[in-house]
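Here are my notes for someone opening this one for the first time. Have the viewer ready and follow along point by point.

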Amino acid sequence: MMTPWLLLALAWGGQASAEVQPRCETRVAPEVRVLVVGNSYSTDHRLSSRLQHVLNASGCFGSSVVVAVTRHGARLRELDLARLPALEPWDHVFLQDHSRAYMEGATRAALAVARIQAALRRETRVRVKLVETWADAAASPAVRSRIVTHHIETAERAGVPLVRVGQAFEAMAQAHDSAAEDGVRWFASDGRHASVAGASLYACVLAREVMGAAPPTLDLAQCVNWLMADFSASAHTSR
């Protein structure tokens with residue numbers, strides 16, 4: 001039996017306990033509303049809460065709403081459109097597909113994206129973007145290339161921007177994993193899902209998309225370091 005879709009909603013305003021740099025000097029909007037659709041990759045380590053933590057700390061928005069509609073192992077083509085929350089208008093919608101979706105071809109994936117986009121068409125200011133799902137830690141160069149090509153082609157055929165989360169994973173892994181034996185690990189023990197650091201990186205990449213050109217370019221490594229420390233401290237304080 002198929003596991004029901006999990007709906008996780010978070011809505012609150014205010015500042016986090018420490019500043020995240022760079023920071024908006026002036027408020028961009030009184031509120032920002034973000035929808036994330038995907039699977040466990042977009043749920044692990046409270047991704048929605050981490051994304052909202054960065055947005056609220058940035059000072060770009062008076063408050064933020066982050067909603068995640070996910071189901072473990074789900075593909076975008078399986079999404080029940082009736083389960084999309086009727087909280088509108090969305091400012092940003094991020095669509096994250098299954099890590100094996102590249103095996104089914106870009107045409108099928110693009111149709112799934114277009115189907116979701118059509119359901120959201122009534123919302124005039126929504127920005128739908130495709131998330132580039134990262135490759136497994138042990139994936140071969142050939143598979144990594146196929147996954148990148150798949151996402152680029154899917155985004156082009158669906159006519160939506162591509163958010164390069166997978167590229168960020170690759171760049172961070174090359175910069176940090178090989179630096180020392182005890183370097184940062186971006187993957188969980190299964191080599192597929194994100195670790196706490198990986199989920200923080202994912203959240204920072206999405207935050208950079210939401211914040212746009214308002215602040216200076218968000219440094220991902222700096223954001224991850226801050227988020228891992230400040231989010232854990234805030235969670236501990238709130239208990």
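1. Let's start with a charged pair. Arg164 and Glu132 are joined by a salt bridge, with 3.1 Å between the closest N and O atoms. Bear in mind as you look that this is a predicted model. The pair links distant parts of the chain, 32 residues apart: Arg164 sits in the loop between strand S6 (162–163) and helix H4 (165–177), while Glu132 belongs to the loop between strand S5 (128–131) and helix H3 (141–158).

2. Are the two partners buried or exposed? Arg164 is partly exposed, at 26% relative accessibility. Glu132 is buried, because its relative accessible area is 1% and the cut-off for buried is under 20%.

3. What surrounds Glu132, leaving aside its neighbours within four places in sequence? Glu132 is in contact with Val148 and His151, and also with Leu162, Val163, Arg164, Val165, Gly166 and Gln167. So the salt-bridge partner Arg164 turns up in the contact list as well.

4. Now for the other salt bridges; the structure holds 9. One of them joins Glu104 and Arg75 through their side chains, at 2.9 Å from N to O. Here too the pair links distant parts of the chain, this time 29 residues apart. Glu104 is in the loop between strand S4 (92–96) and helix H2 (106–119), and Arg75 is in the loop between S3 and S4. Glu104 is partly exposed at 28% relative accessible area, whereas Arg75 is buried at 18%.

5. Have a look at Glu78 and Arg71 too. They form a salt bridge whose closest N and O atoms are 2.6 Å apart. Glu78 has a relative accessible area of 26%, so it counts as partly exposed. Arg71, at 7% relative accessibility, counts as buried.

6. On to the rings. The count comes to 4 aromatic pairs. Tyr41 and Trp134 are one of the pairs, and they are stacked, 4.8 Å centre to centre with 15° between the planes. Tyr41 lies in the loop between S2 and H1 and Trp134 in the loop between S5 and H3, so far along the chain that 93 residues separate them. Both rings belong to buried residues: Tyr41 has a relative accessible area of 4%, and Trp134 has 2%.

7. Trp134 has another ring partner. Its ring and that of Phe169 have their centres 4.3 Å apart and their planes at 15°, so this pair is stacked. Because Trp134 is in the loop between S5 and H3 and Phe169 is in helix H4, the pair ties together parts that are 35 residues apart in sequence. Phe169 is buried, at 2% relative accessibility. Zooming out, Tyr41, Trp134, Phe169, Phe187 and Tyr202 form one aromatic cluster.

8. Last, some backbone. Strand S2 (residues 29–38) pairs with S3 in the parallel sense, over 9 bridges. Which residue of S3 is the bridge partner of Ala29? That is Phe61. Put helix H1 (residues 47–58) together with S2 and S3 and you get a right-handed β-α-β unit. Strand S3 (residues 61–70) is mostly covered, with 9 of its 10 residues buried.

How values were computed
Residues are numbered from 1 along each chain as its sequence is written. This is a predicted model: local features need pLDDT of at least 70, side-chain atom pairs count only at pLDDT 80 or more; totals for chains, interfaces and linings use all residues. Side-chain values use heavy atoms; hydrogens and water are left out. Buried means under 20% relative accessible area, exposed over 50%, partly exposed in between (1.4 Å probe, protein chains only). Helices (H or I, at least four residues) and strands (E, at least two) are DSSP runs, numbered from the N terminus. Two strands pair if DSSP finds at least two bridges between them. A crossover is right-handed if, with the strands pointing away from the viewer, the path from the first strand over the helix to the second runs clockwise. A salt bridge is a side-chain nitrogen of Lys or Arg within 4 Å of a carboxyl oxygen of Asp or Glu. Contact means heavy atoms within 4.5 Å. Rings of Phe, Tyr and Trp (its six-membered ring) pair if their centres lie within 6.5 Å; planes under 30 degrees apart count as stacked, over 60 as edge-to-face and the rest as tilted.
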